[in-house]
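Student: I should like a close look at one part of this structure. Please describe the second largest pocket and what lines its walls, and then add the helix and ring contacts that can be described alongside.

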Amino acid sequence: MLALPLALPGVNDAFFNASYVLQLLTNGLSNGAVYALMALSVVIIYRTTGHMNFAQGEMGTIGCLLVFSVSVSHGVPYWISIPAAIAISMIVGALLQRTLVQPVERRGGMGVILVTLGLFLIFNSIDSVIWGTDPLQPVRPFPSRPDDHLVVMHGPPQFAIRYSAVGVWITLGVVVLLLHLLLQRTRLGLGYRAVAANADSALLVGIPKDRMLMLGWALAAGLGTLAAVLFSQTTGSLDFNLMASVILYGLAAAALGGFDSIPGAVVGGVVVGLVEALVPAFFSFIGSELSLVMALLVIVVVLLVRPQGMFGKARVVRV
C-alpha cells in the first residue's frame, strides 16, 4: 500500500496512508452532497424572501421519520415512500409559508426569524413525542450491506466506494439538473426568478408573488426531506435530532457559496463536507467534536471576508 513518508508536528500519521485518504475523500463527498442539498433549501428560500428558515432541518427530519414509519416499519418500497414524503413535505412547507410566515413577514423580518425558531422547537417536540428519543433503524434506500461496494482497495485500512455513496452523488446530480430545468426552461421557474430578482417589479407585470414564495418554501421542504433521507443512509443513524447539526453545515455551505447562488450552494456543500472529513483527520489535535465549531467558523470568516460568498453577487443599495 502506498504511504507517503512525511511527518509533521500535530499531524496524524495515518493521514498519509493512500487508502485512508481516499476513504476520507469518499466520506467527505457523501456528506458534502447532503450539505449541498440542505444549502440548496436555504438558498431557495433566501433568494425570494431574504430570510432563512431555521426549522428546515427539523422539517426534513419529520419527513425522513415518515419514510421510516412507512418503509422500515411496514415494508412499503422506498420508491413509493420517499416521493410521497417529499410531496407531503412540499405541501406542508407551502402551507406554513402561507398561513404563518407570510402574515408575520408583512410586520417585519424579525418576526420571521422567531417563527422559524418556534417551528424548530415544535417539529423537534413532535418528532420526540411520536417516534421517541431512542435511536431508530436508519432509512436505507440504497444497498448498504458490507459486501455492497463498487471499488475496493485492500489496506490496512481498506478503502471502498459503496453503492450507497454513488447513489447519494447521483441523487445530488439529478436534483441539480431538475432544478436547472425548472428554473431555466419553464414559465414557473421564470416567475420564481423574476420574484427573486425584483418582487415588486414582478408583481407589476402580473407574476403572482405569493405563489412564487409558496413555491420556494415547497421546494425547500422537499429538498430538506431528501437530504434527511440521504443523511440517514450515509451515517447509518436515525433519531429525532437527525438534522440538528446538518442545518448548521447547510448554512455554512450556503454562506461559503453565496446565499443567492444555487451553484454556489452545491460547491459550498462539497467543500464543507471535505473540510469536515479531512481537517480533523489531518490535525490530530482537532477532534470530530469540533466539526460544528468549524462550520460556525466558516460562516463567520466568509461573512467577514466576502459576505456575498464565492458565487454570490454583492447587493448595491441606492440612496
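Tutor: The account below takes the pocket, then a pair of rings, then a pair of helices. The model is predicted, and the description should be read accordingly.

The second largest pocket holds about 300 Å³ of space. Its lining is made of 15 residues, and those closest to the centre are Asn27, Ser30, Arg162, Ser164 and Thr234. Two or more lining residues come from each of helix 1 (18-49), strand 2 (159-162), helix 5 and helix 8 (209-235). Helix 1 provides the largest share of this lining, with five residues. Sorted by class, the lining has eleven polar residues, two nonpolar and two charged.

Helix 1 also takes part in an aromatic contact. The structure has two aromatic pairs by count. In one of these, Tyr35 and Tyr249 have ring centres 4.6 Å apart and planes at 25°; planes under 30 degrees apart count as stacked, and therefore this pair is stacked. The pair joins distant parts of the chain, for Tyr35 lies in helix 1 and Tyr249 in helix 9 (residues 246-257), 214 residues apart.

Helix 5, another contributor to the pocket lining, spans residues 163-185 and packs against helix 6 (residues 187-197) at an angle of about 80°, the axes being 5 Å apart. Helix 5 is therefore roughly perpendicular to helix 6. From helix 5, Leu182, Leu183 and Gln184 meet Leu188, Gly189, Leu190, Tyr192 and Arg193 of helix 6. The residues in this contact comprise five nonpolar, two polar and one charged.

Conventions:
Residues are numbered from 1 along each chain as its sequence is written. This is a predicted model: local features need pLDDT of at least 70, side-chain atom pairs count only at pLDDT 80 or more; totals for chains, interfaces and linings use all residues. Side-chain values use heavy atoms; hydrogens and water are left out. Axes are lines fitted to C-alpha atoms, for helices over the stretch in contact, and angles run from 0 to 180 degrees between N-to-C directions. Helices (H or I, at least four residues) and strands (E, at least two) are DSSP runs, numbered from the N terminus. Angles under 35 degrees count as roughly parallel, over 145 as roughly antiparallel, 65 to 115 as roughly perpendicular and the rest as oblique. Contact means heavy atoms within 4.5 Å. Ala, Val, Leu, Ile, Met, Phe, Trp, Tyr, Cys and Pro count as nonpolar, Asp, Glu, Lys and Arg as charged, and the others, Gly among them, as polar. On a 1 Å grid over the protein atoms alone, a cavity is a set of points where a 1.4 Å probe fits but cannot get out, and a pocket is an open set with protein on both sides within 12 Å along at least five of seven lines; lining residues have an atom within 4 Å of a point. Grid points are joined across faces, edges and corners, and a volume is the space filled by probe spheres set on the points. Rings of Phe, Tyr and Trp (its six-membered ring) pair if their centres lie within 6.5 Å; planes under 30 degrees apart count as stacked, over 60 as edge-to-face and the rest as tilted.
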